[in-house]
Amino acid sequence: MIKRDICLLSALFTGLLISTASLAQNQSASAEEASDMIRQIYSEVSSDGSTLPDWDRIRSFFVDEAIVVLRSSREGNTQFTLEEFIQDFKDFYQRPDLKNSGFREEVLQLKANVYYDIAFIAVIYEARVLNSDRPPQKGIDFWLLAKRKGAWKIVSVVNEIIRPGEALPAPFR
């Protein structure tokens with residue numbers, strides 16, 4: 001009887017370990033998939049000046065009801081709907097210095113946390129107008145994602161500029 005109980009407990013414990021390892025492996029793969037999508041966003045909004053970003057492709061990364069909050073001045077930020085965010089980017093690309101040279105955003109660091117069908121991704125990035133004398137601007141974006149029909153979609157993003165001389169947030173030090 002005791003031997004049978006020990007075997008049963010051993011089998012249950014082994015099953016639990018396998019299940020836990022499988023969950024961790026699935027969440028790790030899911031975190032990589034979500035991270036890759038966010039890295040793609042930075043590439044998609046970048047342009048060499050000769051072609052504009054594919055706004056429909058960029059739109060496809062978001063849920064229709066997404067909220068975007070961007071630093072818009074030293075004192076404040078602006079909340080956008082997805083369509084307002086895209087229009088703001090389109091307006092940005094109309095600047096003469098961008099039409100001639102282009103714009104690039106590049107991921108410097110990324111930290112992803114995934115729990116089943118939700119994800120939080122923090123990104124340190126660098127933005128620059130190409131062929132400009134101005135130094136690049138560093139910023140931090142916090143992305144919230146949810147799985148919709150098996151695919152990661154952006155629900156919200158908030159942005160802040162990293163001020164020169166200030167320390168980065170703890171996860172990035």
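E160 is partly exposed in this predicted model, with a relative accessible area of 25%. The residue forms a salt bridge with R71, and the closest N and O atoms of the two are 2.7 Å apart. Because E160 belongs to strand β6 (residues 151-161) and R71 to strand β1 (residues 62-71), this pair ties together parts that are 89 residues apart in sequence.

**Salt bridges**

Side chains of opposite charge can pair when their charged atoms come close. The structure holds 7 salt bridges, and the table sets out three of them.

| Salt bridge | Closest N and O atoms |
|---|---|
| E160 and R71 | 2.7 Å |
| R59 and D56 | 2.5 Å |
| D36 and R39 | 3.7 Å |

The bridge between R59 and D56 lies within a helix. R59 and D56 are 3 residues apart in helix α2 (residues 55-59), so about one helical turn separates them. As for their surroundings, D56 is exposed, with a relative accessible area of 54%, whereas R59 is partly exposed, at 21%. R59 counts as partly exposed because buried would require a value under 20%. These two residues also take part in a wider arrangement, since a network of salt bridges links D56, R59 and E83.

D36 and R39 are likewise 3 residues apart, about one turn of the helix, and both lie in helix α1 (residues 2-44). D36 is partly exposed, with a relative accessible area of 42%. R39 is also partly exposed, and its relative accessible area is 39%.

**A buried acidic residue**

What is the nearest side chain of opposite charge to E105, and how far away is it? The side chain in question is R104, at 10 Å. A salt bridge requires a nitrogen within 4 Å of a carboxyl oxygen. E105 is buried yet has no salt bridge. The residue is found in strand β3 (residues 103-115). Leaving aside residues up to four places away in sequence, E105 touches Y42, V45, S46, Y125, E126 and A127.

**Aromatic pairs and a cluster**

Y42, one of the residues that E105 touches, also has an aromatic partner. Across the whole structure, a search finds 14 aromatic pairs. Among them, Y42 and W143 form an edge-to-face pair, with 6.0 Å from centre to centre and 75 degrees between the planes. This pair links distant parts of the chain: Y42 is in helix α1 and W143 in strand β5 (residues 137-148), 101 residues apart. Both Y42 and W143 are buried.

Aromatic residues are also grouped elsewhere. One aromatic cluster is formed by W55, F62, F85, F89, F92, Y93 and F103.

**A nonpolar patch on the surface**

Which residues form a nonpolar patch on the surface? The patch consists of F120, F142, L144 and V158, which together have about 300 Å² of accessible area. L144 has its place in strand β5, the strand that also holds W143. L144 is partly exposed, with a relative accessible area of 42%, whereas W143 is buried. L144 can belong to such a patch because its relative accessible area of 42% is over the 30% that a patch residue needs.

Conventions:
Residues numbered from 1 in each chain as written. Predicted model: local features only at pLDDT ≥ 70, side-chain atom pairs only at ≥ 80, totals over all residues. Heavy atoms only, no water. Helix = DSSP H or I, 4+ residues; strand = E, 2+ residues; numbered from the N terminus. Buried < 20%, exposed > 50% of the residue type's maximum accessible area, 1.4 Å probe, protein only. Lys, Arg positive; Asp, Glu negative; His and termini not counted. Contact = heavy atoms within 4.5 Å. Phe/Tyr/Trp six-rings, centres within 6.5 Å; stacked < 30°, edge-to-face > 60°. Patch = residues over 30% accessible without salt bridge, like charges linked within 9 Å, V, L, I, M, F, W, Y side chains within 5 Å. Areas by Shrake-Rupley, 256 points an atom, 1.4 Å probe, with all protein chains shown as cover.
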